[in-house]
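Trainee: Could you take me through one part of this model up close, and then show me how the rest of the chain looks around it? I'd like the long version.

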Amino acid sequence: MAASDSGTDESLYPIAVLIDELKNEDVQLRLNSIKKLSTIALALGVERTRSELIPFLTDTIYDEDEVLLALAEQLGNFINLVGGGEFAHCLLPPLESLATVEETVVRDKAVASLRAVAAHHTPQALEQHFVPLVQRLAGGDWFTSRASACGLFSVCYTRVSAPVKAELRQHFRSLCQDDTPMVRRAAAYKLGEFARVVEVEYVKSDLIPMFVYLAQDEQDSVRLLAAEACATVAALLPPEDMEQLVMPTVRARAGDTSWRVRYMVADKFVELQQAVGPELARSDLAQIFQALLKDTEAEVRAAAAGKVKDFCMNLDKAHQEHIIMTMILPQIKDLVCDPNQHVKSALASVIMGLSPIVGRHNTIEYLLPLFLTQLKDECPEVRLNIISNLECVNEVIGIQQLVQSLLPAIVELAEDTKWRVRLAIIEHMPLLAGQLGQEFFDEKLTGLCMSWLIDHVYAIREAATLNLKKLVEQYGATWAETNVIPKVMAMSREQNYLHRMTYLFCINVLSEVCGKDITTRVLLPTVLSMADDNVANVRFNVAKTLQKMAPYLDPAVIQPQVKPVLEKLNVDPDVDVKYFASEAIAGIAG
């Protein structure tokens with residue numbers, strides 16, 4: 001009897017510990033206990049998890065938001081712990097309660113877990129357990145439950161019977177017309193997702209009227225979400241219904257009084273263009289896009305400017321050039337001189353992509369002057385975006401047309417006060433090297449590449465060494481020996497120890513690409529001579545460099561030249577020098 005009692009006590013232990021911890025005043029302790037729920041469920045077994053743990057959790061949902069968030073997340077992964085899909089409905093009561101709490105993050109996580117759990121329900125279980133839950137939430141007194149309900153329609157709709165589908169559509173229509181803006185916002189946000197799973201005839205009869213209704217809502221936060229759904233809804237309709245059912249809303253929202261709504265239309269414009277097809281894109285969307293490019297708000301112009309290349313590329317080939325030259329190009333000319341730098345920057349990131357679309361003649365006559373204007377812009381991001389996309393123009397007209405303006409722009413960016421701008425131009429140097437040709441590069445830009453090696457910002461010096469490696473890969477070891485190595489070697493004699501360290505960093509990367517002969521004959525002697533440097537940091541970097549160079553050296557010099565220097569450094573008074581010397585000796589021996 002006693003043994004039986006102790007067995008019962010032991011089986012109750014996990015629940016008892018959980019109850020104690022969930023009543024503890026320390027939030028962190030309660031949070032930790034929630035995160036261990038799966039372990040407790042495993043200890044209890046599936047039957048007791050269903051009959052004891054889940055009801056207990058359902059009854060004790062009152063806590064700090066972070067604890068509830070952890071609980072909502074845990075329950076989404078509980079399917080196997082309650083016995084698989086057959087018992088998935090056991091998880092619905094606690095998640096239903098969590099879907100009604102005030103904190104949005106908790107509700108969203110509860111909805112995400114409910115959506116995951118719904119996938120494990122059979123069609124019969126959906127109708128018996130899940131759909132009633134959706135209906136209860138949709139009819140709840142508090143807006144929180146109604147807002148949560150909006151995210152659950154699409155996951156159950158496809159697997160229920162026709163009468164239940166009709167009920168779900170009716171509930172969704174009610175939510176779209178709810179008195180509370182937060183609920184209408186949630187419905188507008190999920191409208192596109194729900195429309196994807198609803199039959200086309202009901203999209204037209206039930207959802208399009210709701211889409212139009214939400215797109216005219218008094219709250220701009222609702223209208224902008226309806227505008228976001230435009231492309232999704234349009235993609236579901238046959239072309240003949242597009243003009244009547246979708247386009248009036250697109251036109252109205254593109255001219256909305258709220259700039260946020262117009263911004264959303266501009267941001268989703270390419271998706272909308274692909275959804276409505278080439279005919280409507282030509283007859284209607286081109287004019288709307290033209291209006292967005294000259295919008296009064298800079299944010300809208302910037303969003304539209306960033307879509308110029310994709311919009312032009314997706315136009316019907318028969319009318320593409322005509323639309324670009326007559327409707328888009330005049331707006332682009334204005335945007336190049338826009339007072340807002342974000343607009344100019346967005347345009348500069350895509351304008352070069354128009355060259356392959358409009359061809360050589362139009363690029364030279366119309367686009368080239370705009371590129372040259374942007375290369376002289378006072379905003380570094382604009383100049384940088386033009387230089388970043390040079391390859392598009394190079395393919396169409398070659399880069400020589402731009403060279404005279406390109407050089408001053410590169411030099412200015414290379415000396416910009418913002419180090420991130422300098423870093424970005426360094427990263428584009430190998431690309432420029434390939435496009436400008438070796439002779440021009442030697443004459444105008446090699447000196448610039450060397451000057452970055454003594455920049456006061458470490459990230460620039462580091463990027464400059466990698467840049468040298470890429471240039472040598474492009475132009476070859478002979479070019480490096482003539483044009484780069486003499487200038488780099490001069491740094492080994494600099495007074496500033498940081499410059500001497502940068503020299504060693506350069507050798508680390510150059511030895512990989514210069515070949516065995518140059519590395520052994522030219523680079524190695526200077527590195528060996530620096531082992532007597534009076535700065536310990538330089539000496540231990542000599543040890544590290546020798547280890548990195550070893551695979552690229554002539555094996556005949558390792559024993560007579562490299563090993564003695566490393567052994568000397570291995571008895572250096574500085575502990576770091578000794579450590580790296582011993583590492584190098586071991587690395588070379590291995």
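**Starting from P278**

Mentor: Sure. P278 sits in helix α19, which covers residues 278–293. Keep in mind that this is a predicted model. P278 is exposed, since its relative accessible area is 51% and the cut-off for exposed is over 50%. As a long-range ruler, take L431: P278 and L431 are 153 residues apart along the chain, and their C-alpha atoms are separated by 36 Å.

That ruler takes us to helix α28, residues 419–436. With 18 residues at 1.5 Å a residue, α28 should span 26 Å, and its end C-alpha atoms are 24 Å apart, so the two agree. There is a bend in it, though: a kink of about 40° lies at M429, shortly before the proline P430. As for its surroundings, 13 of the 18 residues of α28 are buried, so the helix is largely enclosed by the rest of the structure. Right after α28 comes G437, with a positive phi near 90°.

You can run the same check on α32, residues 477–490. Its 14 residues should span 20 Å at 1.5 Å a residue, and the end C-alpha atoms are 18 Å apart, which agrees. α32 bends by about 45° at V484, and the proline P486 follows within four residues. V484 is also one of the buried residues of α32, along with W479, A480, N483, I485, V488 and M489. A general point helps in reading such a list: an α-helix has 3.6 residues a turn, so residues three or four places apart point the same way. The cover over the buried residues of α32 includes α29 (438–444), α30 (446–451), α31 (458–475), α33 (497–513) and α34 (515–529).

Now go back along the chain to Q331, which lies in helix α22, residues 317–336. Q331 counts as buried because its relative accessibility is 8%, and the limit for buried is under 20%. Leaving out residues up to four places away in sequence, Q331 touches Q290, L293 and K294. Q290 and L293 fall within the residue range of α19, the helix where we began with P278.

Next, the empty space. Rolling a probe the size of a water molecule over the atoms shows where empty space is left. The count comes to two cavities of 30 Å³ or more, and the largest cavity has a volume of about 50 Å³. Its lining is made of A227, C230, A231, V250, V265, K268, F269 and L272. Both α14 (220–236) and α18 (269–276) supply at least two of those lining residues, and the largest share, three residues, comes from α14.

The largest pocket has a volume of about 360 Å³. It is lined by 15 residues, and the closest to its centre are T104, R107, D108, A147 and A186. The elements giving two or more residues to that lining are α7 (104–118), α9 (143–149) and α12 (181–197), with α12 providing the largest share, five residues.

Finally, an annotation for that stretch of the chain. UniProt, in an unreviewed entry, lists residues 98–249 as "domain: Stalled ribosome sensor GCN1-like HEAT repeats region". In the model, residues 98–249 are 78% helix and 0% strand, with the end C-alpha atoms 36 Å apart.

Key
Residues numbered from 1 in each chain as written. Predicted model: local features only at pLDDT ≥ 70, side-chain atom pairs only at ≥ 80, totals over all residues. Heavy atoms only, no water. Expected span 1.5 Å × (residues − 1). Bend = angle between axes of the 7 residues up to and from the residue. Buried < 20%, exposed > 50% of the residue type's maximum accessible area, 1.4 Å probe, protein only. Contact = heavy atoms within 4.5 Å. UniProt positions renumbered as here; feature names shortened; annotations may be inferred. 1 Å grid on protein atoms, 1.4 Å probe; cavity = no way out; pocket = protein on both sides within 12 Å on 5 of 7 lines; lining within 4 Å. Points joined across faces, edges and corners; volume = space filled by probe spheres on them.
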